[in-house]
Amino acid sequence: MKLKELTERIMLPEEAARSVIQLQIPEEEYKEWEELFYSDECIRKYGVYGLEEVRWLALSVKLKLFRLGRLQFEPIRLEEDIAGKERIIHAGTEVLNVHIPEGEPLDYSACIDSLHRAREFFGGGKQIFVCDSWLLSPHLRDVLPEDSNILKFQRMFEVTRVYYAFPQAEQRIFGDILEDKTAYPEDTSLRRNAKAYILSGKDLGIGLGFIEEEEYADTKRDNI
């Protein structure tokens, strides 16, 4: 499907469609952008094709969210300070908010490639990446082996805070949040260990972290 055909199919306003078409998106990035319009989540939940996360689609259509390889990137300004061990990233700083699409293994080398692609795509200079996700929760060390892809991804960030506003890990790991926690499946080691952790009365939480190195390496950070 061509970019012009895609914009017509989703009935973008004329001005927005013209902006999308005029933007010189490389072919590889365009194909990844196009994939945002198809959702396996609706098939899993409802048995039909559809759009489950309309907010993410809207951000993509407005050219505020870009998938570059394994990861997605959203240019934002921080609304509050992020305090690391050696520096503070102040509110108002322009950063790239990192999102992790479901459906593929969180391959470490693919994530590194995405970070490099994002740097080039957004101007080629040094970038600050932030991420707010259950994947950054230090409690995952209690349920995952040290060499897991999730922990490798987590170690790229300096994790500065953990909070418990919503059981995001539960939703992502099991696909839904059940009142009866004993009903969660145990068909993978992550699900089995996470279920035991939750049944013990604990919450995996959500981690907030950032990366600002010029290069990215799989180092063991002394996070919180």
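**Exercise 1. Find the residue in strand E8 that faces Val130, then describe how E8 is paired and covered.**

*Solution.* Val130 stands opposite Phe210 in E8. Before we go on, note that this is a predicted model, where local features need pLDDT of at least 70, side-chain atom pairs count only at pLDDT 80 or more, and totals for chains, interfaces and linings use all residues. Residues are numbered from 1 along each chain as its sequence is written, and side-chain values use heavy atoms, with hydrogens and water left out.

Step 1: look at the partners. E6 and E8 run antiparallel and are joined by five bridges. E7 and E8 are also antiparallel, over five bridges, and here Tyr163 has Ile206 of E8 as its bridge partner. (Strands are DSSP runs of E with at least two residues, helices are runs of H or I with at least four, and both are numbered from the N terminus; two strands pair if DSSP finds at least two bridges between them.)

Step 2: look at the cover. Six of the six residues of E8 are buried, where buried means under 20% relative accessible area, exposed over 50%, and partly exposed in between, with a 1.4 Å probe and protein chains only. In a regular strand the side chains alternate between the two faces of the sheet. On one side of E8 you find Ile206, Leu208 and Phe210, and on the other Gly207, Gly209 and Ile211, all buried.

**Exercise 2. Work out the strand order of the open sheet and name its edge strands.**

*Solution.* Step 1: the six strands have the order E1-E2-E5-E6-E8-E7, with mixed pairing. Step 2: the edges are E1 (66-68) and E7 (158-163), each of which pairs on one side only. Step 3: from one strand to the next, the twist averages 30°.

Step 4: zoom in on one end. E1 pairs with E2 (residues 71-77) in the antiparallel sense over three bridges, and Phe66 stands opposite Phe73 in E2. Helix H6 (residues 108-121) packs on the sheet, touching E1, E2, E5 (94-99), E6 (129-133) and E8 (206-211). The direction of H6 makes about 45° with that of E2. (Axes are lines fitted to C-alpha atoms, for helices over the stretch in contact, with angles from 0 to 180 degrees between N-to-C directions; contact means heavy atoms within 4.5 Å.)

**Exercise 3. Describe the lining of the second largest pocket.**

*Solution.* Step 1: list the residues. Ile76, Arg77, Leu78, Glu79, Glu80, Ile82, Asn97, Val130, Asp132, Arg161 and Leu208 form the lining. Step 2: sort them. Five are nonpolar, one is polar and five are charged, counting Ala, Val, Leu, Ile, Met, Phe, Trp, Tyr, Cys and Pro as nonpolar, Asp, Glu, Lys and Arg as charged, and the others, Gly among them, as polar. Step 3: find the strands. E2 and E6 each supply at least two lining residues.

**Exercise 4. Is Phe157 buried or exposed, and how does Arg141 count?**

*Solution.* Step 1: Phe157 sits in the loop between helix H7 (149-155) and E7. Its relative accessibility is 1%, so Phe157 counts as buried. The C-alpha atoms of Phe157 and Val130 are separated by 8.1 Å, although these residues are 27 apart along the chain.

Step 2: Arg141 lies in the loop between E6 and H7. Its relative accessibility is 40%, so Arg141 counts as partly exposed. Arg141 and Leu151 are ten residues apart in sequence and 7.3 Å apart in space, C-alpha to C-alpha.

Definitions and conventions:
1 Å grid on protein atoms, 1.4 Å probe; cavity = no way out; pocket = protein on both sides within 12 Å on 5 of 7 lines; lining within 4 Å.
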